[in-house]
Amino acid sequence: MTIDFSVIEPYIGVFARAAVVTAMVSLIAFGASAVLAALLLPMRVAKSKVARATIGTYIELMRNLPILLVLYVVYYGLPTLGVPMGAFVAAIVALALNSTAYMIEIYRGGLNAIPIGHTEAAQSLGLRKPTVWRNIYLPQAIKYSFPAIGNQLVACVLGSSLAMLIGTKELTNAATVVGSASFRYFETFIIVALIYIMLSQFITFVWTRLYAVSFGRKYGV
Amino acid sequence: MTILDRSDQDPPAIAFEHVWKRFGDNVVLRDVTLDVHAGETVAIIGPSGSGKSTLLRTINGLVTHDEGRIIVDGVDLVAANDSVATIRRHVGMVFQQFNLFPHLSVIDNIILAPMRVGRVPKAEATLSARKLLERVGLADLEHRFPSQLSGGQQQRVAIARALATKPDILLFDEPTSALDPEMVGEVLAVILDLARTGVTLCVVTHELNFAKKMADKVVVMDDGGIVEIGPPSKVLESPDHETTIRFLKALSGGESS
Amino acid sequence: MFNSQYWPDVWILISRGFVLTIVLSIAVVIGSSVIGVTLGLSSHYGRMSTKKYSLSNTLVTVFVRIFRSVPPLVLLFLLYFGIPSAFDIQFDALPAAILGISLFYGAYMIEVVRSGLESVPVGEVEACKALGLNRGQSLRFVIFPQGIRLSLPAGTGLWIGAAKDTALATGIGLFELTTAMMTVRQITLSSWNVFGVAAVLYFGLNFGFSRLGSGLERLLGEDRRIARAQGEKASRGREFAKSRKGST
């Protein structure tokens with residue numbers, strides 16, 4: 001039994017490049033899901049039963065199906081319908097599809113957390129809808145959902161590791177490649193685990209600081 | 001047992017000597033010196049934030065004081081944590097919000113501490129518990145759960161629960177403040193009954209008529225310090241201190257009783 | 001649906017995969033719950049201490065921070081490939097999968113348990129102290145029974161997450177449902193049929209877990225407790241509680 005971390009040194013470049021891919025996949029997927037979820041939110045709370053049922057089904061699907069399944073469907077299934085799919089794009093699409101569902105629920109949760117007194121006050125003051133939304137609902141919804149959004153970003157980073165199974169050249173993939181090249185699986189995976197830990201902790205740290213600066217209150221995770 | 005029967009040579013049941021307590025920059029207890037003798041009933045009154053609840057909580061160690069000495073039943077509470085555990089067997093507390101355990105039935109709420117702390121066998125504990133329930137007027141409710149009881153009933157169960165460990169000293173933190181007015185009487189009746197039995201009572205309350213009836217002495221607190229101490233006839237009817245006068249005026253101004 | 005010549009093989013493969021997925025799912029639900037409850041309890045016990053610093057709380061917090069931050073797939077690889085490579089210990093795929101996923105979801109479960117325990121009203125904790133109960137007794141008789149029920153909703157969500165991530169076992173060669181699905185796909189050369197079947201099966205599995213969760217919540221819930229203590233049927237217990245709630 002030998003543990004020797006120095007064997008990894010020549011591969012640092014590989015890890016660095018792979019980390020960039022991981023970052024890109026996670027951030028693009030997260031960003032897309034944040035935007036998409038905002039656009040789909042009205043459907044989720046719409047008066048129309050059809051609208052709500054459609055979005056509801058989509059959310060339930062993403063909630064109950066493994067991301068890996070979605071990933072395989074996107075990567076192997078969509079091309080049969082004529083949609084070309086590389087590993088990189090498929091990873092982003094699948095991750096975004098999954099993340100959007102959770103983000104819709106997070107936004108909804110943020111809105112629900114606004115004390116009912118605020119809505120009543122707004123109504124009794126006779127303010128117009130756009131004003132109410134911009135000045136009262138939106139800032140508060142963001143404040144209440146902030147921690148959960150941060151968690152979702154971390155979830156995207158961790159979720160990107162699945163893309164390894166369809167060949168995306170991200171961090172976990174790099175780990176297996178370096179591991180088999182160096183026969184040092186233990187050291188490789190420990191290093192990669194540490195990189196993920198640093199990434200996650202960094203994101204969480206920045207997120208909590210951002211919260212403290214913007215909302216100046218105790219972080220409610 | 002009146003004040004006159006008591007020998008002044010007996011050490012007090014509760015003694016505060018120059019006690020201070022701060023929460024951060026806030027001074028919550030300010031140079032508190034107070035003696036409570038065994039069997040005495042003390043009413044503690046004062047405006048909100050005057051430190052009354054904190055005072056009570058330093059007696060059974062729920063709050064640790066920063067300076068000064070607190071001696072309860074001969075045990076100095078400055079020392080190690082063991083002291084607190086010991087005196088909690090002799091000191092019972094009843095809370096404003098009752099704090100009954102909702103997942104346990106009334107009888108289970110009462111026998112929990114005697115069984116686990118006092119190591120009393122279940123049968124014996126249950127028998128004593130039933131007697132206590134009778135005493136507070138809730139004999140057939142032993143299998144109910146707190147959510148099925150009214151506020152007044154819950155508080156009476158809480159009193160029975162505190163009595164189950166056979167304490168020498170009972171602390172009441174605004175026992176009727178969370179009750180609807182029609183239930184206040186039933187709880188005060190139980191406390192009055194207790195006052196006659198020789199247990200030492202410290203009651204933080206806003207019910208001045210009650211204090212007049214049952215207290216041997218009244219302690220007035222303001223801003224962490226004791227402002228006036230004396231028998232109810234003096235403090236509540238012809239007080240010396242300006243704060244007391246102001247406080248009593250404010251209370252009677254808002255009440256119709 | 002499928003080309004009939006493949007049908008018996010397809011059936012066998014998917015069943016095999018689904019059975020393994022069920023086994024894995026149950027194992028990781030148990031595993032993550034055990035980790036969550038034991039470490040959550042000991043961490044809370046430490047936090048209840050009057051001393052400023054608690055070793056158990058710190059250790060558990062470190063554990064949580066680490067295992068929440070590493071993708072489960074990496075944990076699986078570390079256990080299955082890494083440990084044997086460095087320590088000459090043979091680590092089979094099945095235990096590696098179960099342990100890896102349980103560690104990840106166990107870490108989240110610890111947070112859920114801790115927050116449930118902390119949600120027990122402070123007044124009740126004060127009452128425990130005033131009655132002379134020590135930390136262990138307060139935890140055992142008052143805090144844990146209530147706290148665990150408060151943790152159930154979030155806990156059930158984590159169970160479903162863990163059950164879903166059993167799909168990752170594909171990566172270390174286990175023949176669970178996702179592997180079966182991809183194998184069938186290669187044989188029959190039709191994707192969407194088999195995707196659909198797998199989807200339905202996963203749905204069914206997770207639905208089962210979420211029913212389990214709500215069943216547990218009801219079992220531990222107030223109505224049942226009241227009814228059991230008073231020897232009456234559950235529905236009447238509920239009525240009792242409702243009729244009294246208004247009079248506080």
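Select chains A and B: no contact (heavy atoms within 4.5 Å) joins chain A and chain B, and their closest C-alpha atoms lie 18 Å apart. This is a predicted model, in which local features need pLDDT of at least 70, side-chain atom pairs count only at pLDDT 80 or more, and totals for chains, interfaces and linings use all residues. Residues are numbered from 1 along each chain as its sequence is written, chains are lettered from A in the order in which they are written, and side-chain values use heavy atoms, with hydrogens and water left out.

Next, select chains B and C. The contact takes 32 residues from chain B and 29 residues from chain C. In chain B, His103(B), Arg116(B) and Gln148(B) lose the most area to chain C. Buried area is the accessible area (1.4 Å probe) that two parts lose on being put together, summed over both; between chain B and chain C this is about 2700 Å².

Now show Arg57(B) and Glu126(C). They form a salt bridge (a side-chain nitrogen of Lys or Arg within 4 Å of a carboxyl oxygen of Asp or Glu), with the closest N and O atoms 2.8 Å apart. The rule finds 1 salt bridge across this interface.

Last, colour the strands of chain B (DSSP runs of E, at least two residues, numbered from the N terminus). An open sheet of 4 strands has the order E2-E1-E4-E5, with antiparallel pairing; two strands pair if DSSP finds at least two bridges between them. Strands E2 (26-36) and E5 (75-76) of chain B stand at the edges, each with a single partner strand, so one side of each is left without a neighbour in the sheet. Zoom in on Ile71(B), which stands opposite Asp76(B) in E5(B).
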